[in-house]
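Student: I have a structure to study and want to practise reading it. Can we go through its pockets, cysteines and charged pairs?

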Amino acid sequence: MLLIEKTCVGCGVAYKANTATQQRCNPCREAWGKIVQDAGNILRRALRHGEISRLPCERCGHPRSLAHHEDYSKPLEVIWLCATHHRRLHAALERQAEKV
């Protein structure tokens, strides 16, 4: 397996990654996973309690949508996207991250 020299976006430490899209060292990946999980839990609770409503896709209007967090520190501020547009957005974000 070919390892790639990278710099962690979380702590700035040099590390070896096994994928071009990996952006964080293992300790930072674990901490980041907890942040993402917590934001999802807060959003699901708000949906369940009627504090926020699921909206159609902001791009095409499809009624079945997924929440996309631009900032996990604001768990109730999301962009509603259908699966296709959500996948396309993440693909674009990964391509952008590879350029950095």
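Tutor: Start with a term. A pocket is an open set of grid points where a 1.4 Å probe fits, with protein on both sides within 12 Å along at least five of seven lines. Keep in mind that this model is predicted.

Student: How much space lies in the largest pocket?

Tutor: Its lining has 17 residues. Among those nearest its centre are Trp32 and His90. The space in this largest pocket is about 690 Å³.

Student: Which element supplies the largest share of that lining?

Tutor: Three elements each supply at least two residues: helix 1 (26-48), strand 3 (66-69) and helix 2 (83-99). One of them gives 5 residues, the largest share. That element is helix 2.

Student: How many residues of the lining of the largest pocket are polar?

Tutor: Sort the lining residues by class. The nonpolar ones number 4 and the charged ones 5. The polar ones number 8.

Student: Which element gives the most to the lining of the second largest pocket?

Tutor: This pocket holds about 210 Å³ of space. It is lined by 14 residues, with Gly40, Leu43, Arg44, Ala67 and His69 closest to its centre. Two or more residues come from each of helix 1, strand 3 and helix 2. The most, 5 residues, come from helix 1.

Student: Now the cysteines. How many disulfides does the structure hold?

Tutor: A disulfide is a covalent bond between the sulfur atoms of two cysteines. Here the cut-off is 2.5 Å between the sulfur atoms. For cysteine 11, the nearest cysteine sulfur is that of cysteine 8, 3.7 Å away. For cysteine 60, it is that of cysteine 57, also 3.7 Å away. The number of disulfides is 0.

Student: Is cysteine 60 buried or exposed, or in between?

Tutor: Partly exposed runs between 20% and 50% relative accessible area. Cysteine 60 has 46%, so the class is partly exposed.

Student: On to charges. How far apart in sequence are the parts tied together by lysine 16 and glutamate 5?

Tutor: These two form a salt bridge, with the closest N and O atoms 2.3 Å apart. Lysine 16 lies in strand 2 (residues 14-17), and glutamate 5 in strand 1 (residues 4-7). So the pair ties together parts whose separation in sequence is 11 residues.

Student: What separates aspartate 38 and lysine 34 along helix 1?

Tutor: Their side chains meet in a salt bridge at 3.1 Å, N to O. Both residues are in helix 1, 4 residues apart. Their separation is therefore about one helical turn.

Notes
Residues numbered from 1 in each chain as written. Predicted model: local features only at pLDDT ≥ 70, side-chain atom pairs only at ≥ 80, totals over all residues. Heavy atoms only, no water. 1 Å grid on protein atoms, 1.4 Å probe; cavity = no way out; pocket = protein on both sides within 12 Å on 5 of 7 lines; lining within 4 Å. Points joined across faces, edges and corners; volume = space filled by probe spheres on them. Nonpolar A, V, L, I, M, F, W, Y, C, P; charged D, E, K, R; others polar. Buried < 20%, exposed > 50% of the residue type's maximum accessible area, 1.4 Å probe, protein only. Salt bridge = Lys/Arg side-chain N within 4 Å of Asp/Glu carboxyl O.
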